[in-house]
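Work through the exercises below with the model open. Each task is followed by its solution in steps.

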Amino acid sequence: MSKKKTKEERKSRSQNLIEYFYLFGVEPDSINVDRFDKQKNYLQKGFLIPDLLSKFPPGEKSDINIDTRIVKSHCFPKGYTLVTKNVAPVEEFFYFNLDNMISIDSSDKVLYFACVQFYEPLTKYVKIKNLKNKTKNKPNENIRKTKSKKKDSLLDNVYIPKVLCISSFMPFPHEFKVLLTKLINYSKSEKIIYPIEKIIENMVYGIPRPPRAFFDVHCKKNISLFPKQDFELDFQISELNQYCSYSYKYQSIFNFCIEDILDIYKSLLLEAPVLFFCSKKELLTNVFESFMILLHPFEYQNPHVSILPDINAGMIEMAPSFVFGINHEWVIPGNNEKRPTYFQKFNLNIINKKILICDIDKNKIYKY
């Protein structure tokens, strides 16, 4: 009976490459302009709470058991904060994967995520909220105008982060980055002739999962995922009995010297605690995933993730062994600037634990 059920589940499983599109951020209605003051408390963590704004397909899939709150925490590993800059911050891409609690075979044990964090001006949110509440605000229109003039200087140059995320049972980081880049650029263009929702639907239902018999799905220009599509994409998997390789930037690990690369690889094989520190999400996740793929055909058994949320920092203290990517700059203990280290910042007691620290920003390793 169990074998029969397994076969039926496999038949009903989606054959699409992309499982879900997620969009995380805040709704315009959650923004109260009156709370913005000269003390700039709006730049503190927790001032606004992000949420899942949309998901496509909207339904739940029986072969996926990953809470969207966990996905959200990895999308904003440092917590959710607004940003002030004279120009719009650039987009930042990053990647991570999570174990799927409900898995039938090895092809759905891990769900891979490719994400882009982008920013929208706060003034845009205020305009949307004002348009939605236009009829309610008519009696107090003059009062609102005088108040808005005072707030204008505070709202200028404030940007709200959002994260657009693709999930798949197959890791195609470079290919998904191309799709996310095209989607973000199209949404910014002034000539939107095709609904963005329809483009996402085309991606989800128009790109099949590469079958093992052919190893490759080629998306040609005439498929038209986008209006006037000017690019092609190859979703290619490794052939049977061949070395497992994906489209991460493997060359990024060679920022370390050869001796340090061997030290890192040895520590991973021996399952010693390893932490990768980097202030740039894309570089951090590329280096992390590249090293983990080099372990193939072995699998790392202990807790590991390419970008560890700050709220889960306690795992470093509790787990006997781990490999985590930390989206923070590594601060050397006892530094002259007297800045707190990551461990001091989160009150981690690791006195009796040996950890290999990999500082990606400075391309050095430390035996902590």
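**Exercise 1.** Is Asn 347 buried or exposed?

*Solution.* Note that the model is predicted. Locate the residue: Asn 347 sits in the loop between helix H11 (342-345) and strand E12 (356-359). Its relative accessible area is 67%. The cut-off for exposed is over 50%. Asn 347 is therefore exposed. Now check the backbone. Phi of Asn 347 is about 50°, a positive value, although the residue is not a glycine. Most residues other than glycine have a negative phi.

**Exercise 2.** Classify Asn 363 by accessibility and give its phi.

*Solution.* Start with the place: Asn 363 is in the loop between E12 and strand E13 (364-367). Its relative accessibility is 29%. Partly exposed covers the range between under 20% and over 50%, so Asn 363 counts as partly exposed. Phi of Asn 363 is positive, near 55°.

**Exercise 3.** Find the loops that hold Pro 57 and Pro 297, then describe the peptide bond leading into each proline.

*Solution.* Pro 57 lies between strand E2 (51-56) and helix H2 (68-75). The bond joining Phe 56 and Pro 57 is cis, with omega about -5°. Pro 297 lies between helix H9 (281-293) and strand E10 (304-305). The bond from His 296 to Pro 297 is cis, with omega near 15°. Most peptide bonds are trans.

**Exercise 4.** Which residues form a nonpolar surface patch with Ile 258?

*Solution.* Place Ile 258 in helix H8 (residues 258-269). Ile 258 has 51% relative accessibility, so it counts as exposed. Its patch partners are Phe 254 and Leu 262. Together, Phe 254, Ile 258 and Leu 262 have about 340 Å² of accessible area.

How values were computed. Residues are numbered from 1 along each chain as its sequence is written. This is a predicted model: local features need pLDDT of at least 70, side-chain atom pairs count only at pLDDT 80 or more; totals for chains, interfaces and linings use all residues. Side-chain values use heavy atoms; hydrogens and water are left out. Patches are made of residues with over 30% relative accessible area and no salt bridge: like charges are joined within 9 Å, nonpolar side chains (Val, Leu, Ile, Met, Phe, Trp, Tyr) within 5 Å. Accessible areas come from the Shrake-Rupley method with a 1.4 Å probe; for residues, only the protein chains shown count as cover. A salt bridge is a side-chain nitrogen of Lys or Arg within 4 Å of a carboxyl oxygen of Asp or Glu. Helices (H or I, at least four residues) and strands (E, at least two) are DSSP runs, numbered from the N terminus. Buried means under 20% relative accessible area, exposed over 50%, partly exposed in between (1.4 Å probe, protein chains only).
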